[in-house]
Amino acid sequence: MTNAVAADRPRVAVRIRLAWTLLSFGTLALAACLLAPLVGSTPIHLTTVFDRSVPYADNIDAQIFWVARLPRVLAAAMVGSSLALAGVVFQALLRNPLASPDTLGVSAGASLGAMVAITFALDFSLLGVTAVPLASFVGSFGALAIVYGLSAARRRGTSTIVLLLGGVTVQALLSAIIAFVQYLADFTQTFRNVRWLMGSLDVASYPPLVAAFIPMSLAWAGFATLPRVLDLISVGHESAAARGVDVERSERVALVSASLATGAAVALAGPVSFVGLIVPHLVRLMVGADHRLVLPASALFGAAFLIGCDLIARTIIAPLELPVGIITAIIGGPVFLWLLFRKS
Amino acid sequence: MAAVSKILKHAAVAVALIAATASLKARTTSESGADLPPSREALRRTAVALAEAGQVGRDAVRPQRIISLVPATTEMLFAMGAGNRIAGVSDYDRFPPEVSRLPKVGGLLDPNVERLISLKPDLVIVYDTQTDLKQQLDRARIPIFRYAHRGLPDITETMRSLGDRVGSKAEAEAAASRMESQLAAVRTRVAGRPRPATLLIFGRDPGALRHIDASGGLGFLHDVLELAGGRDVLGDLKQQSVDVSTEMVLRRAPEVILELHYGESLKTERLDDERNVWKALPSVPAVKNNRVYLLRGDEFVVPGPRIVMAAERFARTLHPEVYAR
């Protein structure tokens, strides 16, 4: 009897910590979601936004709120949490603190898709999603196929480091093809390619969000099965297998989920750098290494972080706006360095 | 020493004179020269140029093998009747159609120096920002003419100094004055009309209001817009191109939206769809009053003689009532 109580105690402790983590990070993310649409490069009045006496077609403040800002904040939340989660999973899976959503080339694949669409002026759409994001998502799938092939080859006895090197090579190869496609582009297309690569969350409508939500929610469902497995894998494959984990299967779930999340995020917003690298580290500094806490906390913190960065991007040099990818790197880099050196 | 250099100079002039006469002859016999009648006038100019050469060095000899890395200056050379002296153009040159037969030597970012030098140019027109290329050409002792992208008045300015440099001063002056009077005519025609607040868009994602790139208060297209009777809604932002968010479009409320599409980037059957994309922002006066225009053409990207056409198209679009009369 006393033994059973003793065994339950850590589980209860984790539940309490999980509750606290969800509450605090959830509050942060929610506050970001609610406050960010109120601020922008120009002032709006909430009373005007919700004023029913002015028809929507004439209500500038309402359109700024519903078309320009809310989809943008939601996109930041979705992209931020997807990239952060993918970062957590890649870092655990590859047992490498430098791993990020860009490491295995999925993000380069998504960028290549977008570059092809811009350079060759592809013009098609599907359910309200236009050529550039669609091509980008297809590109991420191409990269995923290659990476998945590599992971399948792993089963024949290759190591994590080989998967990592293979992924990095795929990434470099795809970057070279991106350079080639850009070389074929004319001036105006080159300009647009470069801008796309800086990332943008100004989606200006809801269909792209709905479309991105489908692969993202599949990925999130995959992540939900992973916390215990990631804890064990980050210790070592042998001990994971000894605890009865089907390591290969779990790794495949992790790889595909993280790639799906990355592909959807890059297709929606462009390759927003740094979020997937530093948010997992920041979160681990705050909640520890237990993936039951790190995964949900990273999702929520990633959302809040990117919403915050985008808020800065659209106000700091108002009326002009900066591409959000510049802000994530400029803010994220020094903050991360500070945390690292403060800790040591 | 002085005597030797004098003799050398005379020899150089003599050689150049022979070469010039030979090429002039070649031009007379070939039927390609629609641009310049092989007249006594041309001969006189050659002689003048050569006389100048005797005093100011070989750079001033009327260049016969010009390479233009700038589409705008290529068009200027053709406009001043020097098209048949072009030996090579950039990869981006499309106009006039004659350029399709000329060797291509790369572009702003990737000039092919080897190919360029192998064409034995006696003048290369480069972008002023092509620092490496300028140094390489200097080392190869190939004279250059530096070009910089600026505002509308600089187009005719460049045309005159280029004409001066290639020994077609009178023709360049004539072409530049003609452009200026045509532009002045457009300005006069729309004078006194209300100037609609206009958002001039250089590009965006197809089918979406994403990555909108528009004209700020600098650059030749901004100048053309103002000349054609529009008021640039981003005119206070002193940069050539502005990343425009949907919030900015909504807040600035342009009365007219002009979208430029180049090359084959917009197919006719897609015109309506692309115009309808703007219906997501119904409060914008341009959308409400159905004044979103998609203009297709390459004359908008080349700050050369065709800018007159661009100005006329802007004016017709902004002030259809003036042109209907």
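Pro319(A) sits in the loop that links α13 (291-315) and α14 (324-343) of chain A; helices here are DSSP runs of H or I with at least four residues, strands are E runs of at least two, and both are numbered from the N terminus. The peptide bond leading into this proline from Ala318(A) is cis, with omega near 5°. Keep in mind that this is a predicted model, in which local features need pLDDT of at least 70 and side-chain atom pairs count only at pLDDT 80 or more, while totals for chains, interfaces and linings use all residues. Residues are numbered from 1 along each chain as its sequence is written, with chains lettered from A and ligands numbered from 1 in the order in which they are written.

Chain B has a cis bond too: it joins Phe95(B) and Pro96(B), with omega about -5°. Pro96(B) belongs to the loop between β2 (86-89) and α4 (113-118) of chain B.

Back in chain A, two loop residues other than glycine have a positive phi. Burial goes by the number of other C-beta atoms (placed from the backbone) within 10 Å of a residue's own: 20 or more is buried, 12 or fewer is exposed, and in between is partly exposed.

| Residue | Phi | Other C-beta atoms within 10 Å |
|---|---|---|
| Arg95(A) | near 45° | 15, partly exposed |
| Ala121(A) | near 50° | 16, partly exposed |

Arg95(A) is in the loop between α3 (60-93) and α4 of chain A, and Ala121(A) is in the loop between α4 and β1 (125-126).

So what about α4(A) itself, residues 106-119? At 1.5 Å a residue, its 14 residues should span 20 Å (1.5 Å times one less than the number of residues), and the end C-alpha atoms are indeed 20 Å apart. Of those 14 residues, 13 are buried, so the rest of the structure largely encloses this helix.

One of its neighbours is α6(A), residues 160-184: the two axes are 9 Å apart, at an angle of about 10°. Axes are lines fitted to C-alpha atoms, for helices over the stretch in contact, and angles run from 0 to 180 degrees between N-to-C directions. That makes the pair roughly parallel (under 35 degrees; over 145 is roughly antiparallel, 65 to 115 roughly perpendicular and the rest oblique). Contact means C-beta atoms, placed from the backbone, within 7 Å. On the α4(A) side the residues include Leu112(A), Met115(A) and Val116(A), and on the α6(A) side they include Leu174(A), Ile177(A) and Ile178(A). The contact has nine nonpolar, six polar and no charged residues (nonpolar: Ala, Val, Leu, Ile, Met, Phe, Trp, Tyr, Cys and Pro; charged: Asp, Glu, Lys and Arg; polar: the others, Gly among them).

Over in chain B, the secondary structure comes to 13 helices and 10 strands, and 44% of the 325 residues are buried. Helix α6(B), residues 153-165, should span 18 Å, which agrees with its end C-alpha atoms being 19 Å apart. Among its buried residues are Ile155(B), Met159(B) and Leu162(B), and their cover includes α7 (169-190) and α12 (307-318) of chain B. After the helix comes Gly167(B), with a positive phi near 75°.

How do the chains meet? Chain B puts 26 residues in contact with 33 residues of chain A. On the chain B side, β5 (197-203), β8 (241-244) and α9 (246-252) each give two or more residues, with α9(B) giving the most, five. By class, that side has 13 nonpolar, seven polar and six charged residues.

How values were computed
Contact = placed C-beta atoms within 7 Å.
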